[in-house]
Amino acid sequence: MQAMVLNALHTPLAWTELPDRDPGPGQIRVKVAACGVCRTDLHVVDGELPHPLVPIIPGHEIVGRIDAMGPGVADLKLGQRVGIPWLGHTCGVCPYCRMQRENLCDHPLFTGFTRDGGFATSTVADARFAFPLGEDGSDESLAPLLCAGLIGWRSLTIAGEGKNLGLYGFGAAAHILAQVAHCQGRSVFAFTRPGDHPTQEYARSLGVSWAGGSDEMPPQPLDAAIIFATVGDLVPLALKAVRKGGRVVCAGIHMSDIPGLPYRILWEERELLSVANLTRQDGLDFLSQVPKMGIVTKTTRYPLQQANQALADLRAGLFEGAAVLVP
Ligand SMILES: [Zn+2]
Ligand SMILES: [Zn+2]
């Protein structure tokens, strides 16, 4: 197998020839067909997450087909198309696993961070954490659903039922979630970097009710806001944009420091929450809804060997939607 390996933090990924791996008990080996590039991959490369493990193969939006199975794998078969998400393993016995909050497991493994991921021609995964994907849709179009889509879905669930929904940062996750929210009959208000008119125009093309800069107030108070951008300065702005009792959800795994804020913008029972990881149930719920909602993902394809370019372009905000690596 070949892979783009992170050998040390803050260094480019290196194209590397590696021995083929055999799946152990309960594991599957997947021939990677496409792997999305997520902002979390940048955080991994940049050493912004605790307990980094290098060398590591990043990538946690994996679509591929099972080409080998270890002993004890049930409910999956050779040749089946599956998706491998960020949550790669949980312990099953800690208090969080026992209270159906496995996203907060005390002893988890995360794909592309603490276990090898999908910036490779092949990967080995815990079969219990792979999602059957069926045969509808191209590999490339499905890849961004595995994290951008899933984290967006969990964030939306936590944001509640409110009709007027603000999305701060209009990248891979928001472009999917705007379509989901639209299908649910909500009104979406898209916030981009101030002056980023092309992204605002792109958001409007996806049916949002309003698009503007993050320094602007929406035309009406929001019931909830989800912050996808990694900018802590957005927290007070979003709190000011939500109504009394409104909710602000931080969807990222990493964010710059949140500045001091006057208590009055939190008062009146506004809530500030964060989203961490996903549960398998989130994945099953979301992926079962995808065909009904007719979600179209916008992707930019890069050959696997150009993973560093894809990461650089993501950092610079050079494409709309999501980057996807194809071996
Ligand atoms: Zn656990
Ligand atoms: Zn991700």
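This dialogue goes through a zinc site, a buried serine and a surface patch in a predicted model.

User: What should I know about the numbering and the model?
Analyst: Residues are numbered from 1 along each chain as its sequence is written, and ligands are numbered from 1 in the order in which they are written. The model is predicted, with local features needing pLDDT of at least 70 and side-chain atom pairs pLDDT 80 or more, and side-chain values use heavy atoms, without hydrogens and water.

User: Which residues coordinate the zinc ion (ligand 1)?
Analyst: Donors are N, O and S atoms within 2.8 Å of the metal (3.2 Å for Na, K and Ca). Here the SG atoms of Cys 91, Cys 94, Cys 97 and Cys 105 coordinate the zinc ion (ligand 1) at 2.3 to 2.4 Å. Their spacing in sequence is C-x2-C-x2-C-x7-C.

User: What is the geometry of the site of the zinc ion (ligand 1)?
Analyst: Four donors count as tetrahedral if all angles lie between 85 and 135 degrees. The site is tetrahedral, with angles of 104 to 119 degrees among the four donor atoms.

User: Is Ser 214 buried or exposed?
Analyst: Buried means under 20% relative accessible area, exposed over 50%, partly exposed in between (1.4 Å probe, protein chains only). Ser 214 counts as buried because its relative accessibility is 11%. Cys 94 and Cys 105 are both buried too.

User: Which residues does Ser 214 touch, not counting those up to four places away in sequence?
Analyst: Contact means heavy atoms within 4.5 Å. Ser 214 touches Tyr 168, Phe 191, Thr 192, Pro 194, Leu 234 and Leu 237, with residues up to four places away in sequence left out.

User: How does Leu 261 count, with 31% relative accessibility?
Analyst: Leu 261 counts as partly exposed.

Conventions:
Patches are made of residues with over 30% relative accessible area and no salt bridge: like charges are joined within 9 Å, nonpolar side chains (Val, Leu, Ile, Met, Phe, Trp, Tyr) within 5 Å. Accessible areas come from the Shrake-Rupley method with a 1.4 Å probe; for residues, only the protein chains shown count as cover. A salt bridge is a side-chain nitrogen of Lys or Arg within 4 Å of a carboxyl oxygen of Asp or Glu. Four donors count as tetrahedral if all angles lie between 85 and 135 degrees; four count as square planar and six as octahedral if opposite donors are over 155 degrees apart and all others between 65 and 115; anything else is irregular.
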